[in-house]
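The following exercises are to be worked with the sequence and the three-dimensional structure at hand. Each task is followed by a solution in steps.

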Amino acid sequence: MKLIKKNAGAEKGSGSVSSFPSVFYTEMDRRTFLRRTGLTAGAAVVGSAMAPGMMRRAHAVEGTHARKQGVPVEIRRSVCSHCSVGCGVVAEVQNGVWTGQEPDFDSPFNLGSHCAKGASLRDHGIGEKRVKYPMKLEGGRWRRISWDDAITEIGDKFLQIREESGPDSIWWCGSSKANNEGAYLQRKFVAFWGTNNIDHQARICHSTTVAGVANTWGYGAMTNSFNDIHNAKCMFFIGSNAAEAHPVSMQHILRAKENGAKMIVVDPRFTRTAAHADQHISIRSGTDVPFIWGMLWHIFENGWQDDEYIRQRVYGLNKVREEVARWTPDVVEDVTGVPEAQVRQAAQTMAENRPGTIVWCMGGTQHHIGNNNTRAYCILQLALGNIGVSGGGANIFRGHCNVQGATDVGPNCHTLPAYYGLSEGAWRHWSRVWDVDFDYIKSRFDDGQYDAGGGKMSHPMHIPGIPVSRWIDGVLEDPANQSQRDRTRAVFFQGHAVNSQSRGPDMKEAIEKLEMVVCSDPYPTHLAVMSERTDGVYLLPTCTQFEQRGSITASNRSIQWREKIVDPLFESKTDSQILYAFAQKFGFADEMFKNIAIEEDGLPSPEDTLREINRGTWTIGYTGQSPERLKLHLENKHTFDTTTLRAVGGPCDGDYYGLPWPCWGTPEMKHPGTHVLYDPSQPVKDGGLTFRARFGVEREGESLLADGSYSVDSELTDGYPEFTFGILRQLGWHTDLSREELEVIAGVAGINASELPSNIRTASSELLERMDGINWKTDLSGGIQRVAIDHGCAPFGNAKARCEVWQFPDPIPVHREPLYTPRYDLVAQYPTYDDVKASYRLPTRYGSVQAEDYSKDFPLVFTSGRLVEYEGGGEETRSNPWLAELQQEMFVEIHPADANDRGIQDGQTVWLDGPEGGSIKIQAMVTERVPRGTVWTPFHFGGHYQGEDLLDRYPEGTAPYVRGEACNTATTYGYDSVTQMQETKTTLCQIRAA
Amino acid sequence: MARMKFLCDAERCIECNACVTACKNENEVPWGVNRRRVVTLNDGVPGEKSISVACMHCTDAPCAAVCPVDCFYTTDDGIVLHDKDLCIGCGYCFYACPFGAPQYPQQEAFGVRGKMDKCTFCAGGPTEDLADAEYAKYGANRVAEGKLPACAEMCSTKALLAGDGDMVADIYRERIMRRSGRPQTWGWDKAYGGGV
């Protein structure tokens with residue numbers, strides 16, 4: 001069998017069975033470092049048995065995974081399940097075994113390319129380090145159980161907890177790794193269970209982006225695309241290391257650079273992306289707002305802003321000017337550490353090279369003022385007139401393969417699918433889509449009233465659930481302080497790595513306190529091993545995305561269809577199969593799957609599920625992307641232009657690849673999708689848009705609607721509000737609605753079709769007024785959208801983007817020092833918020849944490865990031881031998897000066913101590929990549945805890961090849977004031993020799 | 001007749017290791033044997049450059065010149081291959097190779113090294129084309145299927161180019177024109193006796 005000897009060896013040692021020292025390594029680099037650090041530990045393994053190479057070779061001869069001559073090859077097409085670039089994957093399958101992987105040259109996203117992770121995907125089809133059958137932890141030992149027993153035992157316990165403490169006492173975790181259908185069913189499932197206590201990776205990835213960006217101009221998503229970057233004249237990266245996090249995007253970025261675009265990278269570290277930039281600026285971690293305001297100071301000082309654009313399309317910039325005026329170059333240098341000349345150069349480069357695009361990732365979002373950071377980035381782009389133009393935009397690179405789709409339609413604690421929110425109107429809309437009674441759904445919830453924030457009492461149905469960043473507090477916090485009946489007593493994780501959340505020691509305590517832990521995942525994950533539990537942990541073998549079909553949304557909002565490559569491995573089931581089984585156990589399967597066919601083996605039809613998504617997601621235009629249209633795009637990938645993403649001829653002629661949302665109206669309307677958001681130079685029917693009218697029509701007497709800017713072919717040549725039936729009527733356009741559309745609109749308004757006269761012109765005004773409130777978001781026929789677009793208008797209105805978000809704690813983004821700051825002297829001037837009593841059901845601390853100065857005992861800024869070989873919590877990639885071999889040790893990058901001050905040498909084992917008591921034992925990598933005073937670790941490791949290898953706690957044969965300390969064992973408290981994003985990009989630590 | 005060459009564009013290489021894992025995946029190369037690897041110079045400081053390196057399939061291959069059992073041969077396409085049935089694992093080729101390409105599956109301090117293994121340009125070996133035995137001993141033979149090496153085909157930024165030397169040079173020259181910079185054809189002088 002494959003790799004057995006090696007597995008055993010790798011599990012015993014540190015995982016290294018490294019090769020010879022290479023003649024190339026004249027200087028220390030990251031890989032030499034890793035290879036050397038691995039050598040000593042690995043030597044015992046190598047010497048102990050046959051060399052691993054021989055084992056593999058033997059396997060290649062006899063094994064079942066190697067390519068076979070003369071056996072027919074079937075081609076299956078999927079999409080990479082790592083990052084959100086959306087790289088096409090071509091698999092060769094022989095006799096049901098994934099025996100080959102070919103480049104997908106036809107994909108306009110990757111043109112055949114992959115990164116290390118994408119190029120090693122085939123291991124998903126042949127790797128054996130999986131949870132193979134349901135298991136439970138009993139008396140400290142893992143025991144195999146049947147699926148039926150697993151569903152019964154878990155289900156009975158959950159029902160018992162529900163009976164005793166209400167439905168809110170189970171906390172569910174969905175996944176950005178699930179496809180759209182799986183993610184959507186995760187959200188729908190908990191609605192039928194009766195709670196909002198579900199969340200997924202987006203909370204700790206780009207939640208502050210979604211909130212900040214959506215509140216600035218309408219939608220919280222990447223505005224342009226990777227391909228559109230070809231048109232940029234300047235590319236500004238802040239808190240994004242694309243070369244490691246989104247490697248294939250670099251193909252497009254470097255193409256732009258070769259076309260003459262300037263490239264600026266702002267990051268505390270000199271990243272692999274920075275190595276390709278024209279200018280690298282190292283800011284102190286957590287000072288994004290001062291830095292951006294510093295740039296804007298120069299822009300305003302020199303009149304580089306786009307005044308006409310601002311006049312037409314931007315609201316509230318004057319208040320920003322007042323804040324920016326405070327950030328003179330000397331203040332900026334003091335706070336950020338960046339000299340004036342560098343800030344000015346960056347501002348001037350952006351000003352002189354338009355259109356320019358801004359790219360940000362978790363370096364910007366993972367702060368307790370993350371929403372301020374993201375809004376500051378938006379304002380910079382608005383001032384330069386860079387939004388809504390090809391080559392410009394806010395190109396927010398999302399993380400996981402379907403984090404965009406899961407955010408759009410999936411398991412979010414603060415909203416129903418498609419950002420409808422949690423209001424009664426939102427629940428009534430989705431009840432209509434689901435074809436169930438609103439009162440039935442309501443009856444599934446706890447009937448109490450709790451503090452929804454600021455002392456406002458509300459029904460749990462309308463209170464955002466506990467977010468993934470805080471689930472541990474749902475367990476640990478006194479129930480009296482929580483906005484729900486009881487604390488969290490059991491958790492169900494489906495496709496999520498807990499080592500990606502901060503406060504490891506608190507998490508360990510929480511896991512140990514729970515009555516039951518369920519982990520539905522292809523791998524056991526850190527969750528299964530990090531605690532000292534001996535009972536009550538269940539592992540459910542869950543399929544990867546290559547064992548199922550479905551749709552997935554790339555970062556640029558394009559939706560792609562995945563074919564199934566291989567049948568489910570071992571006893572694995574897909575996410576939706578597992579949810580269906582539990583829905584049956586809980587007794588709501590018939591209601592929940594009313595309009596979704598159940599296929600063989602209890603698999604809810606992905607096509608039916610997508611059609612249901614299509615029928616409900618009018619807010620964001622997920623309505624036109626029917627399975628049939630997506631499959632047509634899959635078949636005709638090669639007909640799409642690699643820069644414009646538009647099909648030139650062929651069956652998809654005129655469509656944008658993957659029908660990037662919004663793809664308005666019904667599939668029959670054949671909207672091509674929207675490649676560049678808010679671009680008025682195209683008609684709406686061809687993918688043009690305006691800024692969304694989302695925040696009302698006026699504020700303090702000033703209009704919020706666009707002034708003289710409108711999209712090409714628009715019959716309304718000025719700003720306009722969002723479309724309702726009433727607005728159509730005022731314009732006299734309601735007569736364009738078809739009889740069928742009118743009947744649906746009437747139905748939503750609670751009017752029977754028989755009450756409608758045959759000619760709408762003859763309808764009584766009383767009847768029409770009852771229909772006036774139905775809008776483009778709730779009209780299930782899509783008619784209002786169709787008519788608006790026929791008249792050249794955007795269904796969501798035409799407004800200004802706003803710089804002032806009056807609902808947020810900081811309406812104009814301001815700087816606040818991190819809770820754990822190395823510059824405690826600045827706290828008095830830039831303090832954090834006061835503690836909050838109830839936010840997302842939990843008390844949230846700010847001022848009381850910052851009250852103490854930790855910078856003396858913990859003088860180093862601690863920040864974290866990605867390695868190209870690994871993804872997220874890393875369990876999947878560390879279980880892939882082709883990847884694991886390349887990164888065998890968890891390490892910390894430390895500047896030579898900081899290392900020498902502590903007597904630490906390169907390669908030495910050190911303890912990294914966090915101020916809240918977590919410590920991790922890792923290797924020191926001494927490098928100038930990090931500035932003095934800042935240390936950096938990757939966040940993909942798990943399987944060690946405070947110096948201990950947890951190998952013995954893994955079920956046999958499931959431990960990843962490489963294990964290491966989770967960096968978040970040492971990270972600390974801190975959550976965004978709007979979204980509860982965790983502050984993992986700025987905390988403090990001390991380092992000492994081990 | 002094509003003359004197959006590799007070229008790694010150091011301006012584009014981002015050290016993502018796709019070439020490394022593509023090679024592992026395509027040829028089922030065991031843990032510890034690296035037919036291809038990425039080398040980074042000036043790691044972590046301005047001037048950082050990465051280059052993907054494997055056997056360059058040299059015009060006048062030094063490995064072949066020193067091999068005591070004469071197991072190397074050059075195909076009509078200019079690809080340097082070797083016969084594992086002849087190889088005695090002496091390691092001379094490792095010392096001769098300017099690129100550190102030859103790999104050995106065994107690493108005991110005093111033991112034998114085993115048969116040498118290296119990049120085949122995804123062109124298999126001397127056994128019958130595309131036979132299971134060829135795959136087991138040498139890995140894939142993409143060239144026989146009309147394809148190019150997996151590493152270059154999957155390169156994330158198209159930094160690593162493989163194919164007929166003239167076509168590779170054309171692609172690269174066009175990039176240089178666009179960039180108006182100095183060419184960085186790392187290793188070409190040594191492998192092929194001349195630049196682009």
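**Exercise 1. An enclosed helix in chain A**

Task: Determine which residues of H7(A) are buried, and what covers them.

Solution. The buried residues of H7(A) are A:Ser207, A:Thr208, A:Thr209, A:Val210, A:Ala211, A:Gly212, A:Val213, A:Asn215, A:Thr216 and A:Trp217. Here a residue is buried if 20 or more other C-beta atoms lie within 10 Å of its own, exposed if 12 or fewer, and partly exposed in between, with C-beta atoms placed from the backbone. Helices (H or I, at least four residues) and strands (E, at least two) are DSSP runs, numbered from the N terminus.

The next step is to place this list in the helix. Helix H7 spans residues 207-217 of chain A, and 10 of its 11 residues are buried, so the rest of the structure largely encloses it. The cover of these buried residues includes helices H15 (362-365), H16 (370-383) and H17 (403-409) and strand E24 (801-802) of chain A. Just after H7(A), A:Gly218 takes a positive phi of about 130 degrees.

The basis of such statements should be kept in mind: this is a predicted model, in which local features need pLDDT of at least 70 and side-chain atom pairs count only at pLDDT 80 or more, while totals for chains, interfaces and linings use all residues. Residues are numbered from 1 along each chain as its sequence is written, and chains are lettered from A and ligands numbered from 1 in the order in which they are written.

**Exercise 2. Two buried strand residues**

Task: Describe the surroundings of A:Met263 and of B:Ser52.

Solution. Begin with A:Met263, which is found in strand E9 (residues 262-266) of chain A. A:Met263 is buried because 21 other C-beta atoms lie within 10 Å. Leaving aside neighbours within four places in sequence, A:Met263 is in contact (C-beta atoms, placed from the backbone, within 7 Å) with A:Met235, A:Lys257, A:His276, A:Ala277 and A:Asp278. A:Phe236 is 27 residues from A:Met263 along the chain, yet their C-alpha atoms are separated by 6.0 Å.

Continue with B:Ser52, in strand E3 (residues 49-53) of chain B. B:Ser52 counts as buried because it has 26 C-beta neighbours inside 10 Å. Apart from neighbours within four places in sequence, the contacts of B:Ser52 are B:Cys8, B:Cys13, B:Cys19, B:Arg36, B:Val38 and B:Leu160. B:Ser52 and B:Val20 are 32 residues apart in sequence and 8.4 Å apart from C-alpha to C-alpha.

**Exercise 3. Nonpolar cores**

Task: Identify the residues that touch the most other members of the largest nonpolar core.

Solution. A nonpolar core is a set of buried Ala, Val, Leu, Ile, Met, Phe, Trp, Tyr and Cys residues joined through C-beta atoms within 7 Å. Of the 302 residues in the largest one, A:Met235, A:Leu380, A:Val491, A:Val518 and B:Leu160 touch the most other members. Another core, of 34 residues, lies apart from it and has among its members A:Val861, A:Val926, A:Val930 and A:Ile991.

**Exercise 4. Strand pairing**

Task: Analyse the pairing of E18(A) with E19(A), and the sheet of E33, E32 and E34 in chain A.

Solution. Strands pair if DSSP finds at least two bridges between them. Strand E18 (residues 550-553) and E19(A) are antiparallel over four bridges, with A:Gly550 opposite A:Arg562. Five residues lie between the strands of this hairpin, in which A:Arg557 takes a positive phi near 80 degrees. Both faces of strand E19 (residues 559-562) are covered: A:Ile559 and A:Trp561 on one side, and A:Gln560 and A:Arg562 on the other, are all buried.

The second sheet is open, with three strands in the order E33-E32-E34 (chain A) and mixed pairing. Strands E33 (948-949) and E34 (964-965) stand at the edges with a single partner strand each, so one side of each has no neighbour in the sheet. Strand E32 (residues 943-945) and E34(A) pair in the parallel sense over two bridges, and A:His944 has A:Glu965 as its bridge partner.

**Exercise 5. Chain B and confidence**

Task: Summarise the secondary structure of chain B and its pLDDT.

Solution. Chain B has seven helices and six strands. Its mean pLDDT (the predictor's confidence in each residue, from 0 to 100) is 91, and 93% of its residues reach 70 or more. The model scores ipTM 0.94 and pTM 0.94.

Key. Contact = placed C-beta atoms within 7 Å.
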